[in-house]
Amino acid sequence: MSAQTPYQILGAEGIRQLADTFYDVMDELPQAETIRAMHSANMDSIKDKLYEYLTGWLGGPPLYSSKYGTVCLTDPHKPYPIGPDERDQWVLCMDEALNRIDASDELKNMLKDPIYRIADTVRNRDTSEPINCPANQIQITNL
Ligand code: HEM
């Protein structure tokens, strides 16, 4: 049998579930609270956009680019400070979403590196803001 794309493995319905579950996980996990706070209270429309984006990225029809004319993620993320911690929170939510939809080990292995790489591409700074750092004080990030 020839190799299947993630889109063929998951199907449109599986990708829809993945996108919905991803933001449900983000809503729930205390470890993801920094990135949850960046998003709107209601995440219905972002669930749709992630579904459309992932469909094309995972080998299906290019739903996002045919609607918005680009697959570039840099511009929409510009307003948000995304450093290594925020990237890791995003990856954590995606890993947990894949577990919750019962993705196979084969699919998880297939996606591990590409997910990290796309999240790291969205990162737009080298360090994350230290938590509880008062204003007007030297910032020490690796305590
Ligand atoms: C690396 C950490 C990331 C953070 C912290 C982050 C955060 C955000 C935030 C705050 C928004 C705006 C949400 C809103 O309007 O309520 C957004 C939009 C979006 N994000 Fe991310 N994101 C990350 C990575 C990614 C990755 C890796 C993907 C795709 C695989 C992605 C896909 C999207 C899409 C499709 C949108 C909608 C863009 C549009 O308005 O057309 N994000 N993201």
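Of the 143 residues in the protein, 20% are buried, and this count, like everything that follows, refers to a predicted model. The protein has seven helices and zero strands, so that reading along the sequence gives the pattern α-α-α-α-α-α-α. Contacts across the chain deserve a word before the individual helices: among those between residues at least 6 apart in sequence, 74% join residues at least 24 apart.

The interior can be approached through the largest nonpolar core, which holds 22 residues, and within which Leu18, Phe22, Leu54, Cys93 and Ala97 touch the most other members. Two or more residues of this core come from each of α1 (6-28), α3 and α6, and α1 gives the most, with seven residues. In soluble globular proteins, nonpolar side chains tend to be buried together. Leu18 offers a concrete view of the packing, since, leaving aside residues up to four places away in sequence, Leu18 touches Leu10, Leu54, Ala97 and Ile101.

Helix α1 also contains Gly14, and here the surroundings can be put in numbers. Gly14 has 17 C-beta neighbours inside 10 Å and therefore counts as partly exposed, because a residue is buried at 20 or more such neighbours and exposed at 12 or fewer. The C-alpha atom of Gly14 is separated by 10.0 Å from that of Asp102, although the two residues are 88 apart along the chain.

That partner leads to the end of α6 and the loop beyond. Asp102 lies in the loop between α6 and α7, and it follows α6 with a positive phi, near 60°, a value found here in a residue other than glycine. Asp102 is exposed because the number of other C-beta atoms within 10 Å is 9.

Helix α6 itself has 17 residues and reaches 24 Å from its first C-alpha to its last, close to the 24 Å expected at 1.5 Å a residue. Its buried residues are Glu86, Arg87, Gln89, Trp90, Cys93, Met94, Ala97 and Leu98, and these pack against α1, α2 and α7. An α-helix has 3.6 residues a turn, so residues three or four places apart point the same way. Two of the buried residues of α6, Cys93 and Ala97, have already been met among the core residues that touch the most other members.

On the other side of the loop, α7 has 18 residues and reaches 25 Å from its first C-alpha to its last, close to the 26 Å expected at 1.5 Å a residue. A kink of about 40° nevertheless lies at Leu111 in this helix, shortly before the proline Pro114.

The remaining feature to place is the ligand, which is surrounded by 21 residues, the closest being Met38, Ser40, Tyr53, Pro76 and Trp90. Trp90 is also one of the buried residues of α6, so named above in connection with the packing of that helix. At least two residues of the shell around the ligand come from each of α2 (33-38), α3 (44-57), α5 (74-77), α6 (84-100) and α7 (105-122), and α3 gives the most to the shell, with four residues. By class, the shell has 14 nonpolar, three polar and four charged residues. Helices α3 and α6 thus appear in both settings, as each gives two or more residues to the largest nonpolar core and each supplies at least two residues of the shell around the ligand.

Technical notes
Residues are numbered from 1 along each chain as its sequence is written. This is a predicted model: local features need pLDDT of at least 70, side-chain atom pairs count only at pLDDT 80 or more; totals for chains, interfaces and linings use all residues. A residue is near a molecule or strand if its C-beta atom, placed from the backbone, lies within 6 Å of it. Ala, Val, Leu, Ile, Met, Phe, Trp, Tyr, Cys and Pro count as nonpolar, Asp, Glu, Lys and Arg as charged, and the others, Gly among them, as polar. A nonpolar core is a set of buried Ala, Val, Leu, Ile, Met, Phe, Trp, Tyr and Cys residues joined through C-beta atoms within 7 Å. Two residues are in contact if their C-beta atoms, placed from the backbone, lie within 7 Å. The expected span of a helix is 1.5 Å times one less than its number of residues. The bend at a residue is the angle between axes fitted to the seven residues ending there and the seven starting there.
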